[in-house]
Structures are given as C-alpha cells and as structure tokens.
Amino acid sequence: MSEVLNFTPIDEIEKIRDELRSGFASGKLRDIAYRKYQLVRLMYLVKDNSVRFEEALKKDLGRPVLESRMLEIHPTIGEAKTQWKNVETWAKPSKPSFNINFFAMKPITRKEPKGTVLVISPFNYPVWLSLGPVAGAIAAGCTVLLKPSELTPHTSALMTELISKYLDHDVVRVVNGAVPETTKLLDLQWDHILYTGGGRVGRIVATAAAKYLTPTTLELGGKSPVVIDPKTDVRLAARRILWGKTVNAGQTCVAPDYILVPRDFQDKFVDALKEVYEEFYPDAAKRSAVSDSYSRLITPQATARIAGLLERTQGKVVFGGEVDKDTKFIAPTAVKDVGPGDSLMSEEIFGPVLPIVPVDSIDDAIKFINEREHPLAIYVFSQDDQVKTKVFDRTQSGAVVANETVLHPGAEGLPFGGVGPSGYGMHTGQYSFDMFTHFRASLDSPGWIDAILKFRYPPYNDAKVKA
Ligand code: NAD
C-alpha cells in the first residue's frame, strides 16, 4: 500500500466483480447509444483532466509533458473517439458471402459482448494501456474491471477517482493493488482477460485463466532489434533510434532494445548517434529533466537492475553511463562492440541503454534475430527496398517497421500485439472491439427447406445415399 494509492480490500473484490456482472446482465449495454454515451464520458474524463494526468505522470515517471501528451493523453482520447465513431458499424451483424446451400437459412454473424472482462495494465504507459482497452470493452458492450499498476500510484489513484465520477458504477470499476489483489482477481471467473506486462507474469495470468478456459490476450515484451543497413540516411536513423530509446527513459515495450550493424559501419553509426545525443541533451540528460526533456526510471529496483547490466557489460560505453540511484536516473547510454553473450543481451533492457552488436552482414543480422525469441517489433533502417523486403519477409515479430521506431502502435487501423513469447492476441481500434466480442454464428431456417433437405432424416436407404 502506498501513501497515495489505497489498495482495494481483498474481501471486496468478488463483490465488485459481481456488481459488474449484474451491470452486464441488466442488458443496458445492448443499447449502442448507451455505449456511446459512456465513451463520450470516457473521452471527457481524459480531456477535462489532461493537466492532472500530466502532473500525475510527472510524479510517477518524471515524464516530460510533451511525451505524456503525445504518447498517452492524445492516443487515449483518440482511441475512445475511434470506438465512439465506429461502434455502430462494428457492432452490426455481418453476412457471410452468398452460398446456395445456406442462403435461405439467413446465416448471420452476431457481434455479441463477451460479458464482464478484466484488464490488467503495466506502469509504463499507465493511462493509454488502461483506458484504451476500457474504451474497446465498452464499445463491445462489456462491463470491465481495470487493475492498473501499483507502481504508478498517482496515475492509478487519479484514474480510480475519475472513473467513479465519469463512468457508471456497474460498467467500469477499478481494483488497486499488487500481487495479492491481482491473485484474488485471477482466482475469479471472467469472460476475457487482457494482460499487458512482462512474460513472467503473463504465464501466471495464462495459467490462472486456463482454470476457467477464459479467453486471454497477452501483450508482452521482449528484445526488439534494429537492423542498420549502410545504405541509409545515418543521421535520420540515429535520431529516430535515439528518440525511440530515450522516450519514457526507454520504458517502452516497443523501444529499440539493441542494434545490429555491419561491423565496418559501426563507427559511422556511433558517430551519428553521438552527434544526435549532444543535440537532444546539450546540458546532459540529467539537467535536461529540469527543462522537461527526459524521464526517470520507475523504481530504485529497476534502476539498480539496469545499472547492474551496465556494470557487467564487456562492451565499450560510447556516451552516457551515468547512474544516480537516488533519483532513479540513468543517462541515455550507448555501448558498442557488444557480443551476443553480453549482460546487455541477457534480458529485455526496458531502460535507456542501447547495446550495439556488430555483425558481418544483413543476412547475419537476420540469422541473429531468428535464433532468438520472436520480439514485439523489428526495425530496419535502409533506403534499399530489397533489404527492407528481406528483413520483412525472413523474420517473425509482432510488428515490422522500416525507417521509424515506436510510433506504429498509434497508427490507426493497425493491430498491436506480439507473436510467440511477445504475446498473443491484438488490440486498439477494431481489434479491441473484436477482442471483447463473441462472434456468434446464427441461422434461422424456414420450414420449406425440408422440401430439399428432407433426405437427411432417417431411416437412410440406398436411394437417399445415391441422391
Ligand atoms: P509486470 O508484469 O511487472 O506488471 C504488470 C501488471 O501485472 C501490474 O498490474 C502488476 O500489478 C501485475 N502483477 C505483477 N506481478 C504479479 C503477479 N505475481 N501475479 C499477478 N499479477 C502481477 O509488468 P511491468 O513491469 O508493469 O511492465 C513491463 C513489461 O511490460 C515489459 O516487459 C514490457 O515490454 C511489457 N509491456 C508490453 C506492452 C505490450 O503492449 N505488448 C506494453 C507495455 C509494456
């Protein structure tokens, strides 16, 4: 329990779930107009209180206002708006293509809400990864229990206060807490679980969900590599990579985790990266925080973990490297000549440290990626279409992106999700709506069909078999 955030008493959790079940059973969410009303309220929940959210995010993550606005506040309002704008279309029953055998039975896919769903969200984008899925669940007609991260107490407390003010009590509820509260939630039956966070807890969630065969979406992490082709605008690549690595102090699930660069191009890339570093943080990142340009790590433990990886590296630090555990500060840091067995390659870094791994060729880089777990994203920087196509076609990952980093989860209409160890299922936009929707097959067969299909009834005989 933190001073800021009141954890929900464990013995109240089942009652809260039951109230949400009653909210669903009341049938009020069948009315699309009611869903839209809740979505408008959700939009205003964020819009009216955007400054309070920015302040809370600053307290929890030391997050610069521009980053909170660009990567959290606007995308959350945008997601609620997208759900609001499209819910009628997405909720409409759909007809399969014409089939002579079945058309008279009026085959239709009904888009029905799954019921009462659980959303467990992480600390790194605590608003977007909580309220974005809540918007999808409301649009789909579900009631939803949100369990935000205990590591962002100011933001979680604010969401708890505002959800109870803006949204109906039997439609959206919040349970706050850490492992015991989440364990209690996972003991209960849900109609869908969306979990966003690390793979270790992802396995706990999937195991708990299996008890009731609850459909589950796991949005996990991993080490997302960047492949650098020498045929690239190296300054542009350095700028976009360093931004992707330092935004939110590297605590982004799709942050570039490490670089694969042909050996003889490494120094040119490192020089460009250094220039960009000086351009981004002229007074060093620590001082830039004062001018609102650089976040902090989430906890002293996270700071110590990343500092430990850095202490044990066999690579050469080319810039950064400063650590101040008291203020949860780690400077943006690049490390070159990192080998595959290095400490920095042993786990997802989830912080502002960028290892650069020299390889012999682009083919070698692809081999390196394919020998490891499928990541959430793969990036390639190249002006050569053949190189881009090669990386796109010969690898597997949640997403694959050329000449950009980190922005793709915000691209409207694209699915956001992993593959294999980076997770399963996908969300945002229509993918969220679909995740919380049961696609219910239906037919309504007229009596006259038996004039054609009567042969199916026993007793069977040779004439029927030959017909
Ligand atoms: P986490 O797994 O530590 O925590 C996420 C949630 O799980 C929190 O709400 C937490 O209270 C709960 N939790 C923690 N331990 C638990 C336990 N033993 N039993 C039940 N619940 C428990 O993740 P995090 O540190 O908040 O986030 C970082 C990870 O999330 C990174 O790996 C990152 O890549 C990943 N991530 C993925 C995405 C995505 O969309 N794929 C987005 C953001 C973050």
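1. Which polar side-chain atom lies 2.4 Å from an oxygen atom of the ligand? That atom belongs to Y195, and the pair is a polar contact, a term used here for N or O atoms within 3.5 Å of each other. The model is a predicted one, in which local features need pLDDT of at least 70 and side-chain atom pairs count only at pLDDT 80 or more, while totals for chains, interfaces and linings use all residues. Residues are numbered from 1 along each chain as its sequence is written, and side-chain values use heavy atoms, with hydrogens and water left out.

2. Two further contacts involve oxygen atoms of the ligand: an N or O atom in the side chain of E348 is 2.6 Å from one, and a polar backbone atom of F123 is 3.2 Å from one. Taken alone the ligand exposes 850 Å², of which the protein buries 90% (accessible areas by the Shrake-Rupley method with a 1.4 Å probe).

3. Around the ligand there are 26 residues, each with a heavy atom within 4 Å of the ligand, and K147, E150, Y195, L220 and E348 come nearest. This shell divides into 14 nonpolar, eight polar and four charged residues, where Tyr and Cys are among those counted as nonpolar and Gly is among the polar ones.

4. According to UniProt, in an unreviewed entry, the feature "active site" falls at E219 and C253, although such annotations may be inferred rather than shown by experiment. These positions are spread over 35 residues of sequence, yet they cluster in space, with a largest C-alpha distance of 9.2 Å.

Methods. Polar contact = N/O pair within 3.5 Å; in protein donor to acceptor, adjacent residues only side chain to side chain.
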